[in-house]
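Welcome! Open your viewer, get your selection tool ready, and follow along one stop at a time.

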Amino acid sequence: MQDNTQLSGKPLILSLLSSSIELAYLAGKVIREVQQSGTLNITLKDAGDTRSYLTTADIRAQKVIVDGMRAAFPSIKLVGEEDEEDEDETDSSTWYPSLTALDILPTPVSVTPDSLPASFNHITLAELVVFVDPIDGTREYVENRLEAVQSLIGISWRGRAIVGVIGLPFHEGNKVIHGITGVGVFPPFPPPSPTIGVTIAASKVITHPLLISITSLIAPTNKIVSGGCGNKILQLLNGSANVCLFNLESSLWDTCATEAVLVAAGGKMTTFLGTPIEHNVGVPTPNRLGVVATALSYTKSHEELIKSINLNCNMELAALVGGIISSSPSQALDVARNLQGQPFTISEINSFMNRSDITSFSCPNTSTIRYKQSVAARIKLQPSGSFFYKRAVLRELPYAIEKSRTFPFKINRDVRSNIVEHEFLSSERAREFSDNTPRIQFALPYRCESRAYVDRNPIDSRFSMALFDFSPERGWRQHPHFPLSEMETTLKCLAAFHNFFRTDKNNMGWAVACYWHLGQQPEGQLEKLEANWTRVENEFGFPDWNLGLRVRNVAVEASEFVHGLELGDNKLWENEKHTTLIHGDPKAPNFFFNHKDESIGVIDFQWTGRGLGAVDVVYVIAASADRSIFEGGGAEAVTTVQSLVDYYYDCLCKGGFEGLTKEVFMQQIKYAWIDLTRVILGDHWSSLTCEIVESRKDKMSFNAYNKCAVVGRAVMEVANVYLNDLGI
C-alpha cells in the first residue's frame, strides 16, 4: 500500500502533507515545553561554532517528526539534520506529545486533489524524500530570540522541493504554514505593499567575502536582521524583505521546505549559479554552491541577479566550487556539474577518466555551447587532455520547459532520443565499430549517467555524458558546410556504418529512425504545406512549382514507402528487407574531420535506429552541402545529387550490402527527398525569410538549407524534379 499513489482515497502527497502539518505542530509543542522548562542541555556539535548548538529540543523534535513519519509511512526516505543515534536519555513517555482537545491543528483544507498539478496525483512513495530540520535557528532558540525559531519539513519529488511545512512554535501560540508548488501557501499571506528599493533579510554580521560581494551587487536600500534560514524566507513571505542570502553553511534540510513554500508563493530559490537545488538522497547535504532567494516583490528578476553574480563574482564562485584553474577565463560553472547537480571534483574526474594525475580543470564559457535541448562544453584538464561534456537536465532548459507546455509530446520524444543515444554509445557494438573501422571514430563515453522518466512527467528527466573530445589540439575540425571532398568522406562513413550495423537494426535505437518522419511530427503539418509554400515562393522568388500541394498529395505515400508508416491492415512494408541501422541526424555539426590522417569523427546518435540508408544520404546532402556543390543550380543540382548518391551506393555495395538494386535505391532516394521537403516546408521554413537566412550564414548550428539560399533553392529544385519523375 505504501507505494501506491493513493492513501485513504486521496493522493499520497496530500496524506503526507496532513501528517507533516500534524508532526510540525507536535514538534512545536515539544520545543515550547523544553524552552519553558529551562533545561535545554546545550552542547556544540562543532566546538567553538555557536551556529552548531544542539539542545534537548532538537533531539526530541526530530524524534517526534521521524517516528511519526515512519509510523504512517514505513518505507519513506528521510534525511534529518540531527543524528538519530543522539538520544534523549529521559523516558520518552514523560515528554512525548499528543494532541488534546485544546489543540487547534491547522489542516490543509484549501488543498484538494483537483487543485493539485495533475502530475502530483500520480506520485509514489518511492519517488519522495522528506527533509527534516527539527529546529531551524537553534542559536536563536538558545539566545532566546524565539521569533526566529522554526521546524522545517520539506518533501521532494525526483529531487525537486514540492511541499513545505514550516512550524512556527512561538508565533500565534504554535502556528504552522504550508505550501505546495503550483497550488499556493496556506494560510495565505497578505499581498506585500508596494516597495521602493530593495530590502534584504540577512544575518547581523556578514563575514564571507563572496557574501559581501553579492550583497554589494544586490545594493539593498534596507536590511532586516534575520537569523535562521527559515526566518529569512519568512521575511520574504510576509513582505518585510524581497531578497535574501543563506550563509554558506546551510544544508538541504534548510532549503527543501523553505524553497517549496517560497516557490508556492511565487518566489524563487536557486544556487548562486542560478541552478536548482537538488534535494535527494545520495546527494551531499551541504549547499556548496550557496543559496539566493527572491520574493515575487523583488524589483529585478531573479535571473538578472544571477547573471550579475556570475558576471562579477565568477572567480570567487570558481574558488567556491574547487578544482577549477584559478587563472582561467570566465568559467561555465553551471555546466561543469554531474547528474546530481554537484560540481565536478578532481577525484571524480580522475575516476571516470581512469587517470590519477589530473590536478585541476577548466570549463571556459568560450568553449561552452548552450543548445536548446542541452548544454555542452570542452572541459580541459591539467596537466593534459580534455573531455567533451554534454548535459541535458530538462527542467534547467527554458526551451524544454516551454515545449512541455506547448508540445508535451515532444518532451517524451526528446527523453526517448536521449535514452537512445546513451544506450547506443554505451553498447559493445558501438565500441567495436569505432575501434576497428579504419579512419572512423565515435565520441565514445568515459561515463554516461541518466535518470529518465517516460511517464506523465518526462520533464524531470536528466542525462549527462563525458565523451571523447574531438578537440583542435588533436587535429580535429568542424565545418558549417561540406565541400565535395568532405561530403564524399561523410557518405563513405555512412556506407560503412550502414553495412556494419545492418544486423542490429531491430535491437538498437528507434523502431523508426530520424526526427522528421510523420510519426514524430505534430498533427496538422500537412494542412500547412500549401500556405507555407505560397509564402516561401514569394519570399525567395521560387518558380511556380506548386510544391505545397504536390508534396501534400504524396506525403503519406512517401512516409509509407520510406519509413513503413501509415501502413494499412495486413500490408507489409516493401522496403523492410533493405533496412539497416541509420544515424538519423547526419548534419554538418555532427561530424569532425582530421586531415592529419584523413579520419572522420561522428557524434550525436539521438535519432539512431532502424531505417533506410537513403534517409541518411538525403539528409546529409541537404543539411550539410556547401554552396559550391550546388552553384550551377537547375538541372546541374539534380546531376550533382545523382553523382553523390552514386558514390554512396558504390561504397555501400563494396562494403557487402546485398539485395538492394540501384533502381530500388533511387526510388528510395526520391521519396526520401520528398519526405524531407515536407518537413522543411511544414516546419523548418514556416517563418524563414531572406534576412534570417543571411543572418545565419556560416553558423554551425543550422542546417545548410536554413542558412544558405543557394542550397535551399537546390533542395526545392531537386524535389520538383523528383515529383515530376514520380508523376506528381
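What follows is a short tour that tells you what to select and what you will find there.

**Before you start**

This is a predicted model, in which local features need pLDDT of at least 70 and side-chain atom pairs count only at pLDDT 80 or more, while totals for chains, interfaces and linings use all residues. Residues are numbered from 1 along each chain as its sequence is written, and side-chain values use heavy atoms, with hydrogens and water left out.

**Stop 1: colour by confidence**

Colour the chain by pLDDT, the predictor's confidence in each residue, from 0 to 100. The protein chain averages 90, and 92% of the residues score at least 70. Where is confidence lowest, and where is it highest? The lowest mean, 58, belongs to strand β1 (residues 6–7), and the highest, 98, to helix α16 (residues 613–624). Helices (H or I, at least four residues) and strands (E, at least two) are DSSP runs, numbered from the N terminus.

**Stop 2: a run of strands**

Select residues 150–157, which make up strand β7, and then add β8. The two pair in the antiparallel sense over seven bridges; strands count as paired if DSSP finds at least two bridges between them. Look for Gly 154, which stands opposite Gly 164 in β8. Two residues lie between the strands of this hairpin, and Arg 158 takes a positive phi near 55°.

Now add β9 (residues 175–180). Six bridges join β8 (residues 160–168) to β9, again running antiparallel. Two facing pairs to pick out are Val 165 with His 178 and Gly 167 with Val 176. This hairpin has six residues between its strands, and Glu 172 in the turn has a positive phi of about 50°.

Finish with residues 184–186, strand β10, which is antiparallel to β9 and joined to it by three bridges. Ile 180 stands opposite Gly 184 here. Three residues separate the strands of this hairpin, where Gly 182 has a positive phi near 85°.

Are these strands buried or exposed? Buried means under 20% relative accessible area, exposed means over 50%, and partly exposed lies in between (1.4 Å probe, protein chains only). Eight of the nine residues of β8 are buried, so β8 is largely enclosed by the rest of the structure. β9 is mostly covered, with five of its six residues buried.

**Stop 3: a buried histidine**

Select His 563 in helix α15 (residues 547–563). His 563 counts as buried because its relative accessibility is 5%. Which residue does its side chain join in a polar contact of 2.7 Å? The partner is the side chain of Asp 675. A polar contact is a pair of N or O atoms within 3.5 Å; within protein, one must be able to donate a hydrogen and the other to accept it, and residues adjacent in sequence count only if both atoms are side-chain atoms. Leaving aside residues up to four places away in sequence, His 563 also touches others, including Cys 514, His 517 and Trp 573. Contact here means heavy atoms within 4.5 Å.

**Stop 4: aromatic rings**

Stay in α15 and select Phe 561, then Tyr 671 in helix α18. Both are buried. Their ring centres are 4.7 Å apart and their planes are at 40°, so the pair is tilted. Rings of Phe, Tyr and Trp (its six-membered ring) pair if their centres lie within 6.5 Å; planes under 30 degrees apart count as stacked, over 60 as edge-to-face and the rest as tilted. The structure holds 40 aromatic pairs. For a group, select Phe 424, Phe 433, Phe 442, Phe 497, Phe 500, Phe 501 and Phe 605, which form one aromatic cluster.

**Stop 5: salt bridges**

Side chains of opposite charge can pair when their charged atoms come close. A salt bridge is a side-chain nitrogen of Lys or Arg within 4 Å of a carboxyl oxygen of Asp or Glu, and the whole structure has 36. Select Lys 662 and Asp 646, whose closest N and O atoms are 2.8 Å apart. Lys 662 lies in helix α18 (residues 662–684) and Asp 646 in helix α17 (residues 635–654), so the pair ties together parts that are 16 residues apart in sequence.

For your last selection, take Glu 127, Arg 158, Arg 160, Arg 395, Asp 455 and Asp 460, which are linked in a network of salt bridges.
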